[in-house]
Amino acid sequence: MLDFELLSLISFCERQPLYMTEKILIVDDDADSLKLISLMLKRQGYDVAVAESGVKALKTAVDEDPNLIILDVMMPDMNGLEVCRNLRANESTAEIPIIMFTAKTMIDDKVKGYEAGADDYLTKPTHPAELANRIKSVLQRKTGTSATQTMRVTRLQPLNKSSSTQSASEKLGKLIGVMGVKGGVGTTTVALNVCAALLNADDKPIVADYRLGVGGMGLMLGDNSDGMGQLLKQETISDDLVSSTISTHDSGLKYLVSSSNPHDGALDFADDKPLQIIQSLRRYGNPTIVDLGNGLSRASSKIIEKVDRLLFVIEASAVALNMAKSQLRVLDDLIGGGKISVVVVNRSQSTLPWHEAENRLNREVKAIISPAPELAFQAGEQGKPMVLLQSTAMVSGQFVKLAEELK
């Protein structure tokens, strides 16, 4: 039985707005679970269909054509994994988003769920608010219900699908890290717009946000998903699992984002797990651009050790330049100065001249990004990188030039 506290559920539902119109199919052999989940979803305004078995679920999915399916794994006649595979194999149901829902907590079951074609995975007991947020997030990513942009999850093909005789390193695309000297210098803006510039140049880039707990990239794209956090919670990372978590913006830009939930900053995971995720991304994109935020951690340093190029983002202020000098010494020892490109992001006109920054750092500034507050605001409002929103703007040209230098 689904372990909701009924009074909490009803209280939660009564606070929710009634504006949903999507149909959701709930598949569960437990009658109490069906009643409680149906109550919550109907109170939010969703149209609900139910199926008490896997066999009935397959028929109902075809007949009702739901916008999303909540699928229990543990069922007697046909388990949820088999149902999911059958749904994906049927042309009329293949694109319906599926959230796997089960009382089992073994990580292997989650991996099997994703490999069977699930879009998301929840374990019982789950708070109603979490279920509601997951439903909203999956619908936004899969069916484009976002108010700003349409996101979709796609299964990508590896860069070298037929190159079984190649070494592992030959199958990987380039890796570009973006690191800031301190918070607020614009690493996300640089990573996102460089990726957009490369996309316009017919490359196959993927951009990833590794700023756990403070991720802003998804919000800048009109997407509140948390692919990076969900992957880090898994015990086993596979290429297929990573591929199924990558989202695609309506512009064609592919991305994997972190949430802005502060709790994600305290996630406990092995230090090498982020690198496993990034290495998988490199099999699907070239280059893979990773927003590493500011400063070094044990996990981010493992990623930095693998980069082909590191964009070191600073602002031309006395404090930032003093911080940059000490950080660059560490980075030089870690990966060598030849892989580091200094990028100056000017957020206002009252900054030191770029040549003064070069003198203080005793190294070349590879790119200068001019202030563009109005364009940045509009880009955020429309969920679109500046390069794609206004390609003729001066700042867009600066990102394009930086992208060209990375090839």
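Two strands count as paired here if DSSP finds at least two bridges between them. Keep that cut-off in mind while walking through this predicted model. Strand 3 (residues 68-72) and strand 4 (residues 98-102) clear it, since 4 bridges join the two, and they run parallel. For one concrete spot to click on, take Ile 70, whose bridge partner in strand 4 is Ile 99.

Now zoom out a bit. The protein has 17 helices and 14 strands. Of its 407 residues, 54% count as buried. As for contacts between residues at least 6 apart in sequence, 73% of them link residues at least 24 apart.

Back to the strands we started with. There is an open sheet of 5 strands, ordered 2-1-3-4-5, and the pairing is parallel. Its edges are strand 2 (47-51) and strand 5 (120-123), each of which pairs on one side only. Ignoring direction, neighbouring strands in this sheet are turned by 20 degrees against each other on average. Helix 2 (residues 31-43) packs on the sheet, where it touches strand 1 (23-27), strand 2, strand 3 and strand 4. The direction of helix 2 makes about 165 degrees with that of strand 2. Helix 4 (residues 80-89) also comes into play: it lies across strand 3 and strand 4, and runs at about 170 degrees to strand 4. As a general reminder, strands of a sheet pair through backbone hydrogen bonds, either parallel or antiparallel.

Further along the chain, have a look at strand 12 (residues 309-314). Strand 12 has 5 of its 6 residues buried, so it is largely enclosed by the rest of the structure. Which strands does it pair with? Strand 7 (residues 175-180) pairs with strand 12 in the parallel sense, over 5 bridges. Gly 177 is the residue that stands opposite Leu 310 of strand 12. Strand 13 (residues 340-345) is another parallel partner of strand 12, again over 5 bridges. There, Phe 312 has Val 342 in strand 13 as its bridge partner.

Next, a single residue worth centring your viewer on: Ala 208, found in strand 8 (residues 206-209). Is Ala 208 buried or exposed? Ala 208 counts as buried because its relative accessibility is 0%, and the cut-off for buried is under 20%. Leaving aside residues up to four places away in sequence, Ala 208 touches Met 217, Met 228, Leu 256, Ile 278, Leu 281, Ile 289, Val 290 and Asp 291. You can also check Ile 246, which is 38 residues from Ala 208 along the chain; the C-alpha atoms of the two are separated by 9.1 Å.

Finally, the empty space. Rolling a probe the size of a water molecule over the atoms shows where such space is left. The largest pocket has a volume of about 560 Å³. Of the 31 residues lining the largest pocket, those closest to its centre are Arg 134, Asn 224, Ser 225, Asp 226 and Gln 230. Which helices supply at least two residues each to the lining? They are helix 6 (128-143), helix 8 (217-220), helix 9 (227-232) and helix 10 (239-245). Helix 6 gives the largest share of that lining, with 5 residues. Split by class, the lining of the largest pocket has 17 polar, 9 charged and 5 nonpolar residues.

Definitions and conventions:
Residues are numbered from 1 along each chain as its sequence is written. This is a predicted model: local features need pLDDT of at least 70, side-chain atom pairs count only at pLDDT 80 or more; totals for chains, interfaces and linings use all residues. Side-chain values use heavy atoms; hydrogens and water are left out. Axes are lines fitted to C-alpha atoms, for helices over the stretch in contact, and angles run from 0 to 180 degrees between N-to-C directions. Contact means heavy atoms within 4.5 Å. On a 1 Å grid over the protein atoms alone, a cavity is a set of points where a 1.4 Å probe fits but cannot get out, and a pocket is an open set with protein on both sides within 12 Å along at least five of seven lines; lining residues have an atom within 4 Å of a point. Grid points are joined across faces, edges and corners, and a volume is the space filled by probe spheres set on the points. Ala, Val, Leu, Ile, Met, Phe, Trp, Tyr, Cys and Pro count as nonpolar, Asp, Glu, Lys and Arg as charged, and the others, Gly among them, as polar. Buried means under 20% relative accessible area, exposed over 50%, partly exposed in between (1.4 Å probe, protein chains only).
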